[in-house]
Amino acid sequence: METFYWLLFGGLAAVVAALELSKTGRDRSVTSAAFNSFKNNYLLVYSLMMAGDWLQGPYVYYLYTTYGYDKGDIGRLFIAGFGSSMLFGTIVGSLADKQGRKRASVTYCISYILSCITKHSPQYKVLMLGRILGGIATSLLFSAFESWLVAEHNKRGFEPRWLSITFSKAIFFGNGLVAIVSGLFANLLTDNLGFGPVAPFDAAACFLAIGMAVILSTWTENYGDPSESKDLLTQFKVAASAISSDEKIALLGAIQSLFEGSMYTFVFLWTPALSPNDEDIPHGFIFATFMLSSMLGSSTASRLLARAVPKVESYMQLVFSIAAFTLLLPVITNSLIAPSTVKGGGISFGGCIQLFGFCTFEACVGIFWPSIMKMRSQYIPEEARSTIMNFFRIPLNIFVCVVLYNVSAFPMTVMFGMCSVFLFLAAILQRRLMTVAEIHRSKSQDWSSLKERDDEAEPLNI
C-alpha cells in the first residue's frame, strides 16, 4: 500500500486524538449522573444499530455480483431500496408518531434482520424483497431513534443543551468508530476467515438482535400525538401544514435534502473518481479513512455545539460552502491536470488531490449530522416529528433514484458539478434560515418583554 494512504490516515488519527484529548472545560458540559446513564444507554443502542447497517455496506454490491447479476440488475435493486424508503418511509414515520417510537425502533430491527436473511437467496425476487425491507428500515433508522431520543430527553427534564452532547457522541461512535471497526470486521469475516460475502449480513443480524433486546428491556415508550381521533391521513396533513406554514421547517427540509442527496451521490462516485483508469486503490482502507474524517468532523461539532457562539445556523453556512468546494475538485483537477492514459498502476497526482478533498467532505459530513439533529430538535414540532423527518426524505430519495437511473448518462464531472451547486444552494438556504430564526427569536423576546411590563404594571385606581 502506498505511503500516501498511511500518511493521510495517520495524520487524521493524530488530529482526532489531539482534539479529543485537548478538550477543556469550555468544550464540555457539566451533566448529571442520570443523564450520563441515559446517554450511554442510547449510545449503546445506536452503535449496535449502526453496526448492523455498516457491516452490510461494503459487500452489498459484491454479493449481488457473485450471484451473477450485472450492473443494470444491481442498479434496479438499489433503486428499489431508495424507492421503498420514499414510498413507505412517510407511512412508517407517521405510525411511529402515533403507535410509539420504541415500537418503531423494534420494527427497524425486525425489518433489517429479515432483509439480511434474504441475502442467502440468489433469487432476484427474494433479493428485491430484501431491498424493499431495507428501504423501510432505513427510514426508521433516520427518524424513529432520533424522535425517541428527543422526546425522552425532554420528558425526563434534562437540560436542552445536553441533547447536543448525545448527538455528537452518537455520530462520533456510530458513524465513525463503529463504521471503521465494522468495515474491518466484515473484511475479516469475508476474506481472512473465508466465510464468504454473506457472512457480514449474518453478523449484522446478530448485532441488530442484541440491540433489539436492549431496547425491549431498557426503553420506555413515547409518542408524538397518540390521539385516537388522528388517523394516518390526518397525521400527513398536520406534517404538511407544519412544513408549509413555518418557513424554518421548510428551509431545514430543503437543506437536508440537498446535502444528503449530494452525499449519497458521492458514495456512488468516489470509486470511479479515484480510479478512472482502473488504478489499484485500497477501497477498504480508503473507506476507513473517510470514516476517520467523519470522526474528526463530529469531534469538531461537539466543541462547536457546546458553546453559545457561534450558533449552529451560523457555522453551517461555512461547512456547506467548504463541502461544495471539495466536490468541485474533480472538475478542477480534470480540467487542469492531464488525465493518465495508463491502465492500472497506483493512484495519480490528481487522485491524491481529490482524495484529500473527499476526506475534507467527509469531515463536513461529520459536522453535518449532529448539527442538523440539533436544528431539527429546535424547529420540528414534537407531535409529528417522525412524520416530518420522513417527509424530508421524499425529495432526497427521488433525487437519488434519478441519479442511479442516469448514472451512466452523464460524465462524472457533470455529476460532481451538480452536487457542488446543490451544496452552495444549501449554504444560501442556511443563511436564510439563520435570518428567519433571528427574526423569530427577536419577536419572541419583544413579546416576552412586553408581557412582563404588562404584568408588572399597577392597576389604575379610578
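How much accessible surface does the protein have, and what share of that surface belongs to carbon and sulfur atoms? The accessible surface, obtained by the Shrake-Rupley method with a 1.4 Å probe, with only the protein chains shown counting as cover for residues, comes to about 20300 Å², and 66% of this belongs to carbon and sulfur atoms. The structure is a predicted model, in which local features need pLDDT of at least 70 and side-chain atom pairs count only at pLDDT 80 or more, whereas totals for chains, interfaces and linings use all residues. Residues are numbered from 1 along each chain as its sequence is written, and side-chain values use heavy atoms, with hydrogens and water left out.

The secondary structure consists of 16 helices and zero strands; helices (H or I, at least four residues) and strands (E, at least two) are DSSP runs numbered from the N terminus. Of the 462 residues in the protein, 54% are buried, where buried denotes under 20% relative accessible area, exposed over 50%, and partly exposed the range in between (1.4 Å probe, protein chains only). Among contacts (heavy atoms within 4.5 Å) with a separation of 6 or more, 88% are accounted for by residues 24 or more positions apart.

Two residues illustrate such relations between separate parts of the sequence. Ser182, in helix α8 (residues 163-192), counts as buried because its relative accessibility is 5%. Apart from neighbours within four places in sequence, Ser182 is in contact with Ala51, Trp54 and Leu55. Gly10 belongs to helix α1 (residues 3-21) and, at 32% relative accessibility, counts as partly exposed. The C-alpha atoms of Gly10 and Leu292 are 9.8 Å apart in space, although the two residues are 282 residues apart in sequence.

Helix α7 was examined in further detail. The expected span of a helix is 1.5 Å times one less than its number of residues; for the twelve residues of α7 (residues 144-155) this gives 16 Å, in agreement with the 16 Å between the end C-alpha atoms. Ten of the twelve residues of α7 are buried, so the helix is mostly covered. The buried residues are Ala144, Phe145, Glu146, Ser147, Trp148, Leu149, Val150, Ala151, Glu152 and His153. Gly157, which follows α7, has a positive phi, near 75°.

Charged residues of α7 take part in salt bridges, defined by a side-chain nitrogen of Lys or Arg within 4 Å of a carboxyl oxygen of Asp or Glu. The count comes to seven salt bridges. In one of these, the side chains of Glu146 and Arg376 meet at 2.4 Å, N to O. This pair links distant parts of the chain, with Glu146 in helix α7 and Arg376 in helix α14 (residues 349-379), 230 residues apart. Both Glu146 and Arg376 are buried. Glu152 forms a salt bridge with Lys155, with 3.3 Å between the closest N and O atoms. Because Glu152 and Lys155 are three residues apart in α7, about one helical turn separates them. Glu152 is buried, with a relative accessible area of 2%. Salt bridges with shared partners join Glu152, Lys155 and Arg156 into one network. A further salt bridge is formed by Asp246 and Lys248, whose closest N and O atoms are 3.1 Å apart; Lys248 is buried, at 8% relative accessible area.

Aromatic pairs were assigned to rings of Phe, Tyr and Trp (its six-membered ring) with centres within 6.5 Å; planes under 30 degrees apart count as stacked, over 60 as edge-to-face and the rest as tilted. By this rule there are 29 aromatic pairs. One of them, Phe266 with Phe290, is tilted, at 5.7 Å centre to centre and 55° between the planes. This pair links distant parts of the chain, Phe266 lying in helix α11 (residues 247-274) and Phe290 in helix α12 (residues 283-305), 24 residues apart. Phe266 is buried, with a relative accessible area of 2%, and Phe290 is likewise buried, with a relative accessible area of 2%. The pair Phe368 and Trp369 is edge-to-face, because the ring centres are 5.2 Å apart and the planes lie at 65°; both residues are buried. Ring pairs also link Phe35, Phe38, Tyr42, Tyr46, Tyr108, Tyr112, Phe145, Trp148, Phe158, Trp162 and Trp219 into a cluster.

On the surface, Leu87, Phe88, Ile91 and Leu95 make a nonpolar patch of about 330 Å². Patches consist of residues with over 30% relative accessible area and no salt bridge, with like charges joined within 9 Å and nonpolar side chains (Val, Leu, Ile, Met, Phe, Trp, Tyr) within 5 Å. Leu87 is located in helix α4 (residues 71-99) and counts as exposed, at 55% relative accessibility.
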